[in-house]
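Student: Could we go through this model together, one piece at a time? I would like to learn how to read it.

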Amino acid sequence: MSKKILVTGGAGYIGSHVVKLLSERGYEPIVLDNLSSGHREAVLGARLIQGDLRDKVFLKNFFEAEKPVAVMHFAAYIVVPESVAAPLKYYENNLAATVNLLQASVENKVSAFIFSSSAAVYGIPEKVPIPEEHSVSPINPYGASKAMVEAMLADCHNAYGLPYVSLRYFNASGADPSGLIGEAHEPETHLIPLLLQTALGKRDKFYLFGTDYPTPDGTCIRDFIHVNDLAEVHILALEYLLDKGESLTLNCGYGHGYSVKEVLEETRRITKRDIPYEVKERRPGDPPVLVAESEKIKKVFAFSPGFDDLTRIIETAWKWELNRRY
Ligand code: UFG
């Protein structure tokens, strides 16, 4: 019998890519999503149950009925400036809902809990590439909510033996090469989809936030990791925990980055379209450089990236953007 994996937020960008891969690898993903930002059409190869993690009774019934062996927890709000303006919205959804999910996971003795954390837990890094041992000092409620869940995971591990892996994503990007699923946030705030939508003429221009950073071309540098590599990492984390690996926290990045200007130029080259842009003030809270130290994940999981290539990242995102299904 295939193993049931509860995937919260499985109708969202990263979750949907993981769900597709889980089902291709013979697992039985069950998506739990309230569809506040996810898309029904993004769920391929899995059952979708519409429900909310804030509903304890619903969660209890779900676990009793389905008995998942593992939980992958993607469901969260992700817009940094919104988290500054409406912190309680973020703490309620990203933190309080996770308390309920952890409670149900512990009561039902799940064998693996895999959490979507973020490079945002590091705040403005003192050292780049950023090692996992770097201090955790988020500078906004979004990052704080991720850091607090990590603290809860460590406590649940100590108190109840909950086996977990926390994955600190750097910049998730790209789309499944099939073109069937991809990034579809509303509102969209991420660099590559905004550039592609400008190339398509869906937006008048692209606003480049800051050209006076202490980087070679003055624009921010990010570690863009293809979403299919992130999906692979989740499968590796799952297998690692099901094989009784130790709980741990890992960076998910390639260990090198590209500047916003480099991404803009590469997007122009691939799309063969003009991308008008205007330089704006720096966006508050953007660190100049966010690049992962990526040795640990390669070593512990024997992870070897399949998409470590900016061209491939933009090409797959472009294929999706040209023919979006949702
Ligand atoms: N950028 C622009 N113009 C835009 C959008 C982005 O110039 O319209 C720049 C940003 O200033 C930044 C870079 O492009 O320098 C990347 O921005 P994204 O919003 O795509 O990604 P972030 O690095 O800000 O965000 C990522 C994750 C978030 C997470 C954050 C933590 O996507 O979920 O890292 O720092 F919260």
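Below, a student asks and a tutor answers.

Student: Before we begin, what kind of model is this, predicted or experimental?
Tutor: It is good to settle that before anything else. Keep it in mind for every answer below, for the model is predicted.

Student: Let us start with the sheet of 7 strands. Which strands stand at its edges?
Tutor: Read the order of this open sheet, which is β3-β2-β1-β4-β5-β6-β11, with parallel pairing. From one strand to the next, the twist averages 20°. A strand at an edge has a single partner, so one of its sides is left without a neighbour in the sheet. Here those edge strands are β3 (47-50) and β11 (248-252).

Student: Inside that sheet, how many bridges pair β5 with β6?
Tutor: Strand β5 covers residues 112-118 and strand β6 covers residues 164-169. As one example of residues facing each other, Ser118 stands opposite Tyr169 in β6. The two strands pair in the parallel sense, and the number of bridges is 6.

Student: There is another open sheet, with 3 strands. Which strands are at the edges there?
Tutor: The order is β12-β9-β14, and the pairing is mixed. Each edge strand has a single partner, so one side of each has no neighbour in the sheet. The edge strands are β12 (258-259) and β14 (289-290).

Student: And which residue of β12 stands opposite Ile221?
Tutor: Strand β9 spans residues 221-222 and is joined to β12 by 2 bridges. These two strands run antiparallel. Opposite Ile221, in β12, you find Ser259.

Student: Now the helices. Are α4 and α5 roughly parallel or roughly antiparallel?
Tutor: Helix α4 (residues 87-107) and helix α5 (residues 141-160) pack at about 20°, and their axes are 10 Å apart. Angles under 35 degrees count as roughly parallel. The crossing is right-handed. The pair is therefore roughly parallel.

Student: How many charged residues are in the contact of α4 with α5?
Tutor: On the α4 side the contact includes Tyr90, Leu95 and Val106, and on the α5 side it includes Met148, Val149 and Cys156. Sorted by class, there are 13 nonpolar and 3 polar residues. The charged class is empty, and the answer is no charged residues.

Student: What about α6 and α8: what is their relation?
Tutor: Helix α8 covers residues 260-271, and α6 packs against α8 at about 40°, with the axes 10 Å apart. That angle makes α6 oblique to α8. The crossing has a hand too, and it is right-handed. In a word, the relation asked for is oblique.

Student: Which residues of α6 touch α8, and how many nonpolar residues does the contact have?
Tutor: From α6 come Leu191, Ile192, Leu195, Leu196 and Ala199. They meet Val260, Val263, Leu264, Thr267 and Thr271 of α8. The contact has 2 polar and no charged residues, and the nonpolar number is 8.

Student: Helix α8 also meets α10. How many charged residues does that contact hold?
Tutor: The axes of α8 and α10 (residues 310-322) come within 10 Å and cross at roughly 55°, so α8 is oblique to α10. The contact is made by Glu266, Thr267, Ile270 and Thr271 of α8 with Leu310, Thr311, Ile314, Glu315 and Trp318 of α10. By class, there are 4 nonpolar and 3 polar residues, and the number of charged ones is 2.

Student: Next, the ligand. Which element gives the most residues to the shell around the ligand?
Tutor: The shell has 20 residues, and the closest are Ala120, His190, Leu191, Phe209 and Cys220. By class, the shell has 13 nonpolar, 4 polar and 3 charged residues. The elements giving two or more residues are α6 (191-199) and β8 (206-209). With 3 residues, the one that gives the most is β8.

Student: Last one: where does the cis peptide bond of Pro187 lie?
Tutor: This cis bond joins Glu186 and Pro187, with omega about 5°. Another cis bond runs from Val128 to Pro129, with omega near -10°, and Pro129 is in the loop between β5 and α5. As for Pro187, its place is the loop between β7 (171-173) and α6.

Key
Residues numbered from 1 in each chain as written. Predicted model: local features only at pLDDT ≥ 70, side-chain atom pairs only at ≥ 80, totals over all residues. Axes fitted to C-alpha atoms, helices over the stretch in contact; angles between N-to-C directions. Helix = DSSP H or I, 4+ residues; strand = E, 2+ residues; numbered from the N terminus. Parallel < 35°, antiparallel > 145°, perpendicular 65-115°, else oblique. Left-handed = near helix turned anticlockwise from the far one by under 90°. Contact = placed C-beta atoms within 7 Å. Nonpolar A, V, L, I, M, F, W, Y, C, P; charged D, E, K, R; others polar. Pairing = 2+ DSSP bridges. Near = placed C-beta within 6 Å.
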